[in-house]
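Please look over the model below before reading the questions and answers that follow.

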Amino acid sequence: MKILFFGRGVISTQYAWAFEQAGHTVEFYVRKGRKKTFGSSIQLEMWDARRGKQLIQENWNVKLHEEISPGYDLIIVSVNTEQLPEAARFLSTVAGTTPVLIFNNIWQDLKSAISPLSMNQVVFGFPAAGGGIADKKLRGGFLKMVFLEKPRTGTEQINNKIKELFESAHFKISWIKDMQNWLWIHFAMNAAMETEVLKRGSFSALLNHSDSFANVGKHMREMTPVLKARGAKSDMILLLLTKIPPVLLGPLFTKVIMAKGSLPRLFIEYNNSKEGFAVAEVVREAKKLGIPLPRLMNTPAT
């Protein structure tokens with residue numbers, strides 16, 4: 001397949017590398033002026049967990065474009081959440097009938113988030129990857145699992161094409177029946193994590209405080225009425241973060257899930273973002289609904 005990645009961020013770069021290794025042609029669209037800034041290669045230091053825990057270290061040559069031409073089999077979009085509406089509007093003018101995978105965290109209603117693109121042209125997914133880019137070097141990694149929505153009426157052929165792509169690169173797909181609900185909960189979880197990052201100053205600082213993950217659970221409890229007001233249903237992650245007592249949740253994350261040397265911990269340690277966008281979006285929605293969020297409102301993002 002010939003695949004165009006919209007943007008050359010940390011998620012796009014890692015999956016593009018994996019697809020190229022599987023024999024696919026991968027290229028990137030970047031904003032005007034970025035081609036020269038980014039250069040024709042990027043230094044990779046990332047963990048590939050598809051077949052065990054393998055450290056990839058190489059200088060990878062990439063092909064960047066500042067315009068989008070026809071001829072791609074698939075366009076994959078993984079951008080900062082606040083950039084998605086603009087990206088969708090732009091693609092509606094240049095993508096033609098090329099199918100699009102939105103590989104993103106989303107808080108909006110899915111249809112409005114990608115308008116004016118047609119829902120029949122789009123499939124939604126979510127990566128199991130992380131990391132950061134600094135000084136033209138990517139540090140991070142990805143797991144074997146990726147998350148894709150189950151086919152909707154009209155997207156069966158696109159879903160099958162995307163399924164074949166990921167499986168050709170030895171990824172395992174977890175099919176999500178209700179992607180809207182799944183993304184709402186994951187966006188809230190991101191806001192809960194960002195709240196702690198904003199308070200601590202960085203992702204790495206968050207990992208060095210034993211009570212950080214207990215606080216993430218408390219933030220999720222506070223946001224649960226907002227999720228319910230939107231019509232969200234509980235899933236395993238929401239139950240884990242809201243039903244387990246914080247006194248137990250903190251040690252569970254710090255000693256098991258985010259133990260030193262674990263891949264989830266490494267992905268977070270490499271993250272150099274301090275955005276706070278997710279916090280601001282959830283707080284905005286809570287204010288509109290008249291639901292108090294004192295824990296989230298007491299952060300620099302709000």
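**Hairpin, helix and cores**

Q: In this predicted model, how many residues lie between E3 and E4 in the hairpin that they form?
A: The hairpin is built from E3 and E4, and glycine 52, which sits in the turn, has a positive phi of about 85°. The number of residues between the two strands is five.

Q: Which residue in E4 is the bridge partner of serine 41?
A: Strand E3 covers residues 41–48 and strand E4 covers residues 54–61, and the two run antiparallel, joined by eight bridges. Within this pairing, the partner of serine 41 in E4 is asparagine 61.

Q: How far apart are the end C-alpha atoms of helix H6?
A: Helix H6 (residues 179–200) has 22 residues, and at 1.5 Å a residue it should span 32 Å. The distance between its end C-alpha atoms agrees with this expectation, being 31 Å.

Q: Is H6 largely enclosed by the rest of the structure or largely open, and how many of its residues are buried?
A: Buried here means under 20% relative accessible area. By that cut-off H6 is largely enclosed by the rest of the structure, because the buried residues among its 22 number 18.

Q: Which helix gives the most residues to the largest nonpolar core?
A: The largest nonpolar core has 36 residues, and Tyr15, Phe19 and Phe166 have the most contacts inside it. The helix that gives the most to this core, with seven residues, is H1 (residues 10–21).

Q: How many residues does the other core have?
A: This core lies apart from the largest one, and its members include Leu198, Leu227, Leu249 and Ile268. Its number of residues is 34.

Technical notes:
Residues numbered from 1 in each chain as written. Predicted model: local features only at pLDDT ≥ 70, side-chain atom pairs only at ≥ 80, totals over all residues. Heavy atoms only, no water. Pairing = 2+ DSSP bridges. Helix = DSSP H or I, 4+ residues; strand = E, 2+ residues; numbered from the N terminus. Expected span 1.5 Å × (residues − 1). Buried < 20%, exposed > 50% of the residue type's maximum accessible area, 1.4 Å probe, protein only. Core = buried A, V, L, I, M, F, W, Y, C linked by side-chain atoms within 4.5 Å.
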